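Here is a note for a colleague who is opening this structure for the first time. The points below are meant to be read with the model on screen, one region at a time.

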Amino acid sequence: MKREQAAHIDELVRAAGGHATHRDAIIEASWRRCVNEHNLDPVVLRDPCIVTHARLREHQEAMDEFLHTARFGVETLYREVAGLGYVLLLTDAKGITVDFIGDPTFDSNLMRAGLYLGADWNEPHAGTCAVGTCIATGEALVVHQSDHFDATHIPLTCTAAPVFDPSGALAAVLDISALHSPQPKESQYLALQFVKSFAHKIETAHLLNRFRREWIVKLAPSPEFADVDPAYVLAVDGAGRILGFNNRTRQLMMRELDCRPALLDGRPLAGRLLSEFFDLQVDDLPRLIPSRPASQRMVRLAISGTPLFAQAQQPPARIAAPSPVAPAPALPKPLEALTRGDGAMLDVAARAAKLVNTQMSLLICGETGTGKEHLAKAIHAASGRAGKPFVPVNCAALPETLIEGELFGYEPGAFTGAAAKGKRGLVMEADGGTLFLDEIGDMPLTLQTRLLRVLAEREVTPIGRTRPVPVNIRVIAATHRDLIAEVKAGRFREDLYFRLSGGVLTLPALRQRADLDWLVARFLAERGGVLRVPFELSGEARAMLHAYAWPGNIRELANALDYACAVAGDAVIAWDDLPDRIRDAAAAPHGPSGAVHEVAALAGPAAPGGMGSGAISADERGALLALLAAQHWNVSAVARALGVDRTTIHRRMRRLHITSPRHGGEGMN
Ligand SMILES: Nc1ncnc2c1ncn2[C@@H]1O[C@H](COP(=O)(O)OP(=O)(O)OP(=O)(O)O)[C@@H](O)[C@H]1O
């Protein structure tokens, strides 16, 4: 043990024995807590406590939204102080360091001192320290050198300020620390102001982000600062209730209540009316918008009468619907090629066109095979990212044990069985381009949390690394599931749903689309080009395709036409060239398409086996009889309805032993 450490322990022991110290009151009180409440022995030197990677992640995930909002403030503060030798820590309300920025050259020294990601700085473990004592008191403070309780920490100087959430609860602690510093504690007072000021900025950014759809009221003691640097910020709903506030506003409101103790009735501040604290009703807020000079925007505190100058920010208006006469803007080619004339698809393409170059994550919904990946590729191709990779990931197909490494990558030797060279991960592969997360509804909950971080921070932490790597990706996710139902059932994270669903595009099922003929023509032209056959559909085959329900949507259509082109004897695809399931569905008595399919099947040429082999099915005969009766036994009309030649109908009638009543037949029996 060094001499200074021994002297420090001496002082602690004397203080514990009741001797006065020359320390600030907040430090002396903390020392007493350490001995009397936390049972810390001044003589014991403790190593810093760094939580496991998994626990760190749990702490980070619990405050994901906050970390995202705080990041800019944290980075800006670090840039300001890095040159002075400080590192920056952001801890949660339990004292775990959830964000950290420091000079990597000093990594091992910083880690030894506990200035690192995952370090636990709560007072009951770490003793008097800036973070722990800030948590215990709710006050910003400097814990300088031998102010620390634990003699291991006495080389450090640490300055911390609390960051409160919009309801006034402690959300985080912002801390700057240095391994070396001048001896006088006063050398850190400017740092204290700096940290307090950034804590205030982070708190306000969090408040504004959380309540961006509500009235925001900003107040300052002087008109000159009302619009520039308002000290007090609060969010108010349309009924004039206070929804949230920054800490300075909380203190201001508490002071008002102190002036009139009768109002201190134990109700929380959030939820009280604006008019309880200010001579202001919600209807007055529009006159406080910044187009009026700040000097005319004076409001008074309701109890003390103190004047303040306000600025009210209106909730954003709903985006007006485009005028019906405005011509529709031209679609980018890849999106234009998605449909020809289907209203729902045109709608999807037009909305996708507006979103192609935004940072927003998109969610594509639709039944299996409706073209979700096809649409995602079209959006990528239409965007500024077109030259960069489009990386598809099927979240349902990757085993849960592999998906984390596959997605986020890993360092060499990160776990048993890891590739020796490590892995970049699919997220990094998509850098600059688009990451397509198919079947996102099947992603395990633990990975949903990690993905949320990637989306929030735009950075990825490969397994085995502590430092995240920035990544520039556009995420498009797809699902055939009802994600809102999944959220309600607790299988999908609500915050991830909100982050992914910046723009939701829902594809229609093929059976609902009006452009089936166009799709068929496209597929036939493609296959015809390869096989050098000008394929076309016979009338009955077309009728069957129209009547079929297409549970597998466009994928099933493409496969059905592949099959039909392969088995067709010539360029005309007949009904019996179609796959069995389409013909079977057409023949089913209560199938999705009813009698027309049955008749369409009947109208076709003799099928090999089954209907065409001479065996007569009751459905087949009944369906044709019904159609003939409906057309008053006009064979030409039935042929026209089915798009076939009338001789085909006569041939069918003969095979099914149907004779027209005009010729003495039994008709409908
Ligand atoms: N508009 C389209 N034009 C031409 N082909 C399309 C179109 N939409 C989809 N396809 C084709 O249909 C098939 C299925 O499309 P895709 O894989 O995009 O569907 P999906 O909805 O993502 O399916 P799943 O839900 O099973 O993942 C693919 O072969 C695709 O090329």
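**Notes on the model**

1. Please keep in mind throughout that this is a predicted model. Strand 4 (residues 157–164) is a good place to begin, since this strand pairs with strand 5 in the antiparallel sense over 8 bridges. Within that pairing, T157 stands opposite A178 in strand 5. The two strands form a hairpin with 5 residues between them, and in the turn G168 has a positive phi of about 95°.

2. Strand 5 also has a partner in strand 1 (residues 86–92), to which 7 bridges join it, and here too the strands run antiparallel. On this side V173 in strand 5 is the residue that stands opposite T91. How many of the residues of strand 5 are buried? Of the 9 residues in strand 5 (residues 170–178), 8 are buried, so the strand is largely enclosed by the rest of the structure.

3. A separate feature to look at is an open sheet of 5 strands, with antiparallel pairing and the order 8-7-6-10-9. Strand 8 (242–245) and strand 9 (298–300) stand at its edges, and because each has a single partner strand, one side of each is left without a neighbour in the sheet. Direction ignored, neighbouring strands of this sheet are turned by 35° against each other on average. At one end of the order, strand 7 (residues 232–236) and strand 8 pair over 3 bridges in the antiparallel sense, and V236 stands opposite I242 in strand 8.

4. Two helices lie across strands of this antiparallel sheet, and their directions are worth setting side by side. Helix 8 (residues 189–210) lies across strand 6 (215–220), strand 7 and strand 8, and runs at about 15° to strand 7. Helix 10 (residues 247–259) lies across strand 7 and strand 8, and its angle to strand 7 is about 85°.

5. Another open sheet, again of 5 strands, has parallel pairing and the order 12-13-16-11-17. Its edge strands are strand 12 (390–394) and strand 17 (503–506), each of which pairs on one side only, and the twist from one strand to the next averages 20°. Inside the order, strand 13 (residues 434–438) and strand 16 (residues 474–479) pair in the parallel sense over 4 bridges, with A477 in strand 16 as the bridge partner of L437.

6. Helix 13 deserves attention in connection with this parallel sheet, for the helix lies across strand 11 (362–365), strand 12, strand 13, strand 16 and strand 17, and runs at about 165° to strand 16.

7. Which residues come nearest to the ligand? They are G371, K372, E373, H374 and R555, out of the 15 residues around it. The elements that give two or more residues to this shell are helix 13 (372–382) and helix 21 (553–567). By type, the residues of the shell divide into 4 nonpolar, 7 polar and 4 charged. Domain 3 (333–508) and domain 4 (514–663) each supply at least three residues to the shell around the ligand.

8. A loop residue may be a useful check on local surroundings: P468 is found in the loop between strand 14 (459–460) and strand 15 (469–470). Is P468 buried or partly exposed? P468 has 16 other C-beta atoms within 10 Å, and because a residue needs 20 or more to count as buried and 12 or fewer to count as exposed, it falls in the partly exposed class. Leaving aside its neighbours within four places in sequence, P468 is in contact with E457, E459, V460 and T461. The C-alpha atoms of P468 and R458, which are 10 residues apart along the chain, are separated by 9.4 Å.

9. Helix 20 (residues 539–547) is mostly covered, with 7 of its 9 residues buried. The buried residues are G539, E540, A541, A543, M544, L545 and A547.

10. Finally, some totals for orientation: the protein has 26 helices and 19 strands, and 40% of its 669 residues count as buried. Among the contacts with a separation of 6 or more, 66% are accounted for by residues 24 or more positions apart.

Methods. Residues numbered from 1 in each chain as written. Predicted model: local features only at pLDDT ≥ 70, side-chain atom pairs only at ≥ 80, totals over all residues. Pairing = 2+ DSSP bridges. Near = placed C-beta within 6 Å. Nonpolar A, V, L, I, M, F, W, Y, C, P; charged D, E, K, R; others polar. Domains from an automatic or database assignment. Axes fitted to C-alpha atoms, helices over the stretch in contact; angles between N-to-C directions. Contact = placed C-beta atoms within 7 Å.
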